[in-house]
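Biologist: I am still learning to read protein structures, and I would like a close look at a single part rather than a quick tour of everything. Could you choose one part and explain, step by step, what surrounds it?

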Amino acid sequence: MNSPVDLLQYDFFVKAFLSAVFASISCGIIGGYVVAKRIVFISGGITHASFGGIGLAFFMGFNPLLGAVLFAILSALGIQFFTKVAEIREDSSIAIWWSLGMALGIIFVFLTPGYTPNLMSYLFGNILTVTTSELWWMFLLVAVILVVFLVFFKPILYIAFDEEFAKTAGLPVALFNYVIITLIALTVVLNIRVVGIILILSLLTIPQATANLFTSDFKKLLVLSTLFAFAGSVSGLIISWMLDIPSGAAIIFTLVIVFGVLKLVKHFVR
Amino acid sequence: MEPLIHIENMTVGYDRKPVITNVNLKIFENDFIGVIGPNGGGKTSLLKAILGLIHPFEGKIIFRSDINLQKKPIGYLPQVKNIDRRFPITVFDVVKSGLMMSNTIETKEKTKQRVNDLLAETGIVEIRNKAIGELSGGQMQRVFLCRAIISNPKILILDEPDTFVDNRFEGELYQKLGKLNENMTIILVSHDVGTIAGYVKTIACVNGRLHYHTDNKITQEQLDEYNCPIQLISHGKVPHRVLKNHIL
């Protein structure tokens with residue numbers, strides 16, 4: 001087995017490849033929105049808060065991703081509630097939920113008897129251990145995101161750009177914001193297995209920053225982000241196999257290198 | 001004559017704190033009202049209440065019976081300083097967003113034509129594919145004016161359309177607004193009373209309360225009386241402050 005193409009005969013690699021494809025589409029599109037709307041920090045808060053759910057699931061013995069979804073959505077709503085109703089400043093609310101989730105996760109994991117072998121794969125991701133049922137969930141998410149963004153592209157863009165103007169035009173701004181924040185929470189959680197809680201923010205931001213070097217058109221930005229995320233995650237996956245290093249870290253490293261090189265090229269070519 | 005917009009005893013503000021109290025104002029068809037007043041005096045709050053973005057604590061805003069609010073008859077140009085200039089969006093898409101609720105009744109080509117026609121008329125068609133982050137202040141303001149008027153609204157609300165604009169475009173802008181005023185009722189907020197006085201028909205001074213003038217002449221004495229601490233600036237060749245008569 002010398003060439004990366006040979007890897008496709010292995011079931012685990014095909015699954016890894018498919019998860020890279022699905023993760024690229026969901027993170028490419030949702031990340032494009034997150035970056036354009038400048039809500040990277042909220043996304044970070046939701047991601048880290050989901051660790052609480054993973055810990056709870058370990059402790060109670062149910063599916064960790066279910067726990068993560070629960071905590072991600074809870075924290076997304078919690079941040080909104082703290083900011084809008086309790087009048088706590090937004091960045092502070094985010095930090096509170098971010099650290100509360102992590103703290104709960106640590107407590108639950110500590111209380112869980114015995115060794116928790118999968119913990120590292122949730123923190124740092126392991127694309128090679130994604131299961132078939134997880135792949136189905138990732139596929140379903142991609143389908144939902146594509147439908148939502150294709151059907152409602154214009155209102156999504158207009159609300160992201162100028163919420164107030166969209167309100168004067170009568171768009172259901174609050175409803176859209178809730179739908180999108182739920183999609184962000186689901187994207188983050190279902191892709192945790194690919195690069196892990198600690199690194200998922202990178203899939204939501206680095207391909208988008210790279211795409212932003214070449215376009216300022218929102219639609220093109222979403223497509224290009226997806227392509228850069230795909231190129232980065234597949235080549236990162238192959239590099240991790242060749243150098244025998246953790247896949248999540250290899251993927252992020254590749255994304256950063258691609259961004260850095262293209263940024264420099266653009267800087268000097270101009 | 002039934003007013004287009006009738007504001008009755010309205011108190012409005014944010015987070016349960018009133019910003020302007022007890023406002024009474026009748027706005028008639030084809031009015032061109034200049035709203036002036038100090039920062040924090042409630043100019044923007046007044047506009048937002050008319051737009052329905054914030055709701056009166058007390059009192060009410062009544063629109064003329066033939067105005068269908070479902071059809072969104074108000075065009076709006078918000079303060080450009082609140083816009084994220086690095087958002088990845090093109091000039092064309094910004095202007096098109098002015099049609100967001102009426103898009104369904106038109107074909108894509110017709111919408112495109114309408115946007116391009118308006119951009120050409122405003123003299124900025126060549127920048128239609130640029131990102132808004134690449135524009136100058138004057139271009140930016142024109143783009144947002146296009147977005148506000150593309151749906152041919154009955155009422156046009158402008159929040160400081162003359163910030164970041166050079167003198168040349170300022171003249172053009174007010175000429176354009178004068179022309180639009182033939183078919184639209186305009187409410188315009190400005191910090192620069194001297195400039196707008198020559199163009200608007202009436203002036204409202206907002207400083208916690210609202211004082212309304214049925215003409216466009218306003219004197220420093222009146223501003224003092226209303227406790228409206230802004231300075232009259234006269235724009236001749238060189239802008240200069242109009243000082244009160246003083247005794248040596």
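Modeller: Two residues are in contact when heavy atoms of theirs lie within 4.5 Å. With that in hand, one can say of chain B in this predicted model that, among contacts between residues at least 6 apart in sequence, 67% join residues at least 24 apart. Chain B holds seven helices and eleven strands, and buried residues make up 53% of its 248 residues.

The part I would choose is the sheet of chain B, in which six strands follow one another in the order S5-S6-S7-S3-S8-S9. This sheet is open and its pairing is mixed, and its edges are strand S5 (74–77) and strand S9 (210–213) of chain B, each of which pairs on one side only. From one strand to the next, the twist averages 15 degrees. As a general point, strands of a sheet pair through backbone hydrogen bonds, either parallel or antiparallel. An example of the parallel sense is given by strand S3 (residues 32–36) and strand S7 (residues 185–189) of chain B, which pair over four bridges; within this pair, B:Phe32 has B:Ile186 in S7(B) as its bridge partner.

Helices lie across these strands. Helix H1 (residues 43–51) of chain B lies across S3, S5, S6, S7, S8 and S9 of chain B, and its direction makes an angle of about 150 degrees with S6(B). Helix H5 (residues 167–180) of chain B lies across S3, S6 and S7 of chain B, running at about 150 degrees to S7(B).

A useful residue to follow here is B:Leu177, whose contacts, leaving aside residues up to four places away in sequence, are B:Phe32, B:Leu145, B:Leu156, B:Leu158, B:Ile186 and B:Leu188. Both members of the bridge pair B:Phe32 and B:Ile186 are thus among the residues that B:Leu177 touches. In soluble globular proteins, nonpolar side chains tend to be buried together. In this model the largest nonpolar core has 151 residues, and B:Leu177 is one of those that touch the most other members, along with A:Phe149, B:Ile5, B:Leu46 and B:Ile50. The element that gives the most to this core is helix H1 (residues 11–36) of chain A, with eleven residues.

For comparison, consider a helix from elsewhere in the chain B sequence. Helix H3 (residues 108–121) of chain B has 14 residues and reaches 20 Å from its first C-alpha to its last, close to the 20 Å expected at 1.5 Å a residue. Its buried residues are B:Thr111, B:Val115, B:Asn116, B:Leu118 and B:Leu119. They lie on the same side of H3(B), because the arc they cover around the axis is only 165 degrees. On the other side of H3(B), B:Glu109, B:Lys110 and B:Glu121 are exposed. The cover over the buried residues of H3(B) includes helix H2 (91–96) and helix H4 (137–149) of chain B. After H3(B) comes B:Gly123, which has a positive phi, near 80 degrees.

Finally, a residue of chain A shows a link between the chains. A:Asp162 is found in the loop between helix H7 (153–161) and helix H8 (163–168) of chain A. A:Asp162 counts as buried because its relative accessible area is 8%, where the cut-off for buried is under 20%. Its contacts, with residues up to four places away in sequence left out, are B:Pro78, B:Ile83 and B:Arg147.

Key. Residues numbered from 1 in each chain as written. Chains lettered and ligands numbered in written order. Predicted model: local features only at pLDDT ≥ 70, side-chain atom pairs only at ≥ 80, totals over all residues. Heavy atoms only, no water. Pairing = 2+ DSSP bridges. Helix = DSSP H or I, 4+ residues; strand = E, 2+ residues; numbered from the N terminus. Axes fitted to C-alpha atoms, helices over the stretch in contact; angles between N-to-C directions. Core = buried A, V, L, I, M, F, W, Y, C linked by side-chain atoms within 4.5 Å. Buried < 20%, exposed > 50% of the residue type's maximum accessible area, 1.4 Å probe, protein only. Expected span 1.5 Å × (residues − 1). Arc of directions from axis to C-beta.
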